[in-house]
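This report describes selected features of one protein chain. It takes up a sheet, a pair of helices and one loop residue in turn.

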Amino acid sequence: MYAPERQQEILRLARDSGRVDVLSLADGFQVTAETVRRDLKALDRAGLLRRVHGGAIPAGRLDFEPDLAERESTAADEKDRIAHAALAELPAEGSVILDAGSTVARLANAVPLECGLTVVTHALPVAARLADHPGIDLHLVGGRVRHRTRAAVDAWALRAYGEIRADVAFLGANGFAPGSGLTTPDLAEAAVKRAVAAAARRVVLLADSAKYGQEHFARFADLSGVDLLITDTGLSPDDAARIEAAGTEVVRA
């Protein structure tokens, strides 16, 4: 396959799925990762794709948001490692907020049976995982439920988070970077995430490395406002050092 044909197919794949990644493309086309990066660079220069860490998204798609099933199956091994590393950040007693997000939901699923905590969440998948936990005092925040994320948003949720002060908040994000901060495609979702961060004494971001460098429509926090980032080893040591230099501790699980 010639380069123009390959680039046309890459563009089609990106438009169909909302994102392409370098390693999958290299495997699919049986070429080197460097060849794929050159293709993505050419498509980026042409204004057809926008390069992000590890791959590319269609140009102008800062609002792209995969559905829940797709997020659950993406980077599953990395998310499992992140969730298990996050268990060390659960307080021995006290209260935590669990944000909406597939990695945070994995943390909820991994909470040990002997754990006794007050947990607040606006995410239905998180609540479903903890509803039968014998040691958890679960508080479900209400509001309008977004179908794509199964998370409550708008005034009810914002008001509830304005009335509490938790020990730790575990946040999810669609993208993060030192410059653009933490971002997500939806403004209502971003407002609740902002309220979650403000309602806790300590903020822990759970985000796989593929989200590093991604930038979405709605910004809800500075990365410097995060106390700890737990990610996977796909984030390079140099990138981790840059994040830590800005004041955020990094754990690469």
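Two strands are taken to pair if DSSP finds at least two bridges between them. The model discussed here is predicted.

**The sheet and its helix**

On that criterion, 3 strands form an open sheet, in the order β1-β3-β2 and with antiparallel pairing. The edge strands are β1 (20–21) and β2 (49–52), each of which pairs on one side only. Between β1 and strand β3 (residues 55–58), the antiparallel pairing runs over 2 bridges. Within this pairing, V20 stands opposite A56 in β3. Helix α3 (residues 33–45) packs on the sheet and touches β1, β2 and β3. The direction of α3 makes about 130 degrees with that of β2.

The elements of this part of the model are listed below.

| Element | Residues | Place |
|---|---|---|
| β1 | 20–21 | edge strand, pairs on one side only |
| β2 | 49–52 | edge strand, pairs on one side only |
| β3 | 55–58 | pairs with β1 over 2 bridges |
| α3 | 33–45 | packs on the sheet |

**Helices α5 and α6**

How is helix α6 (residues 102–110) placed with respect to the rest of the structure? Of its 9 residues, 8 are buried, so α6 is largely enclosed by the rest of the structure. Buried here means under 20% relative accessible area. The buried residues of α6 are S102, T103, V104, A105, R106, L107, A108 and A110.

The axis of helix α5 (residues 76–86) comes within 8 Å of that of α6, and the two cross at roughly 55 degrees. Because of that angle, α5 counts as oblique to α6. The crossing of the two helices is right-handed. On the α5 side, the contact is made by A76, K79, D80, I82, A83, H84 and A86. On the α6 side, S102, T103, R106, L107 and A110 take part. The residues of this contact divide into 6 nonpolar, 3 polar and 3 charged. The α6 residues in the contact, S102, T103, R106, L107 and A110, are also among the buried residues of that helix.

**Residue D227**

D227 lies in the loop between β13 (218–221) and β14 (228–231). Is D227 buried or partly exposed? Its relative accessibility is 32%, so D227 counts as partly exposed. Leaving aside neighbours within four places in sequence, D227 is in contact with R201, R202, V203, T248 and E249. E244 is 17 residues from D227 along the chain, and the C-alpha atoms of the two are separated by 9.8 Å.

Note on methods: Residues are numbered from 1 along each chain as its sequence is written. This is a predicted model: local features need pLDDT of at least 70, side-chain atom pairs count only at pLDDT 80 or more; totals for chains, interfaces and linings use all residues. Side-chain values use heavy atoms; hydrogens and water are left out. Buried means under 20% relative accessible area, exposed over 50%, partly exposed in between (1.4 Å probe, protein chains only). Helices (H or I, at least four residues) and strands (E, at least two) are DSSP runs, numbered from the N terminus. Contact means heavy atoms within 4.5 Å. Axes are lines fitted to C-alpha atoms, for helices over the stretch in contact, and angles run from 0 to 180 degrees between N-to-C directions. Angles under 35 degrees count as roughly parallel, over 145 as roughly antiparallel, 65 to 115 as roughly perpendicular and the rest as oblique. A crossing is left-handed if the near helix is turned anticlockwise from the far one by less than a right angle, and right-handed if clockwise. Ala, Val, Leu, Ile, Met, Phe, Trp, Tyr, Cys and Pro count as nonpolar, Asp, Glu, Lys and Arg as charged, and the others, Gly among them, as polar.
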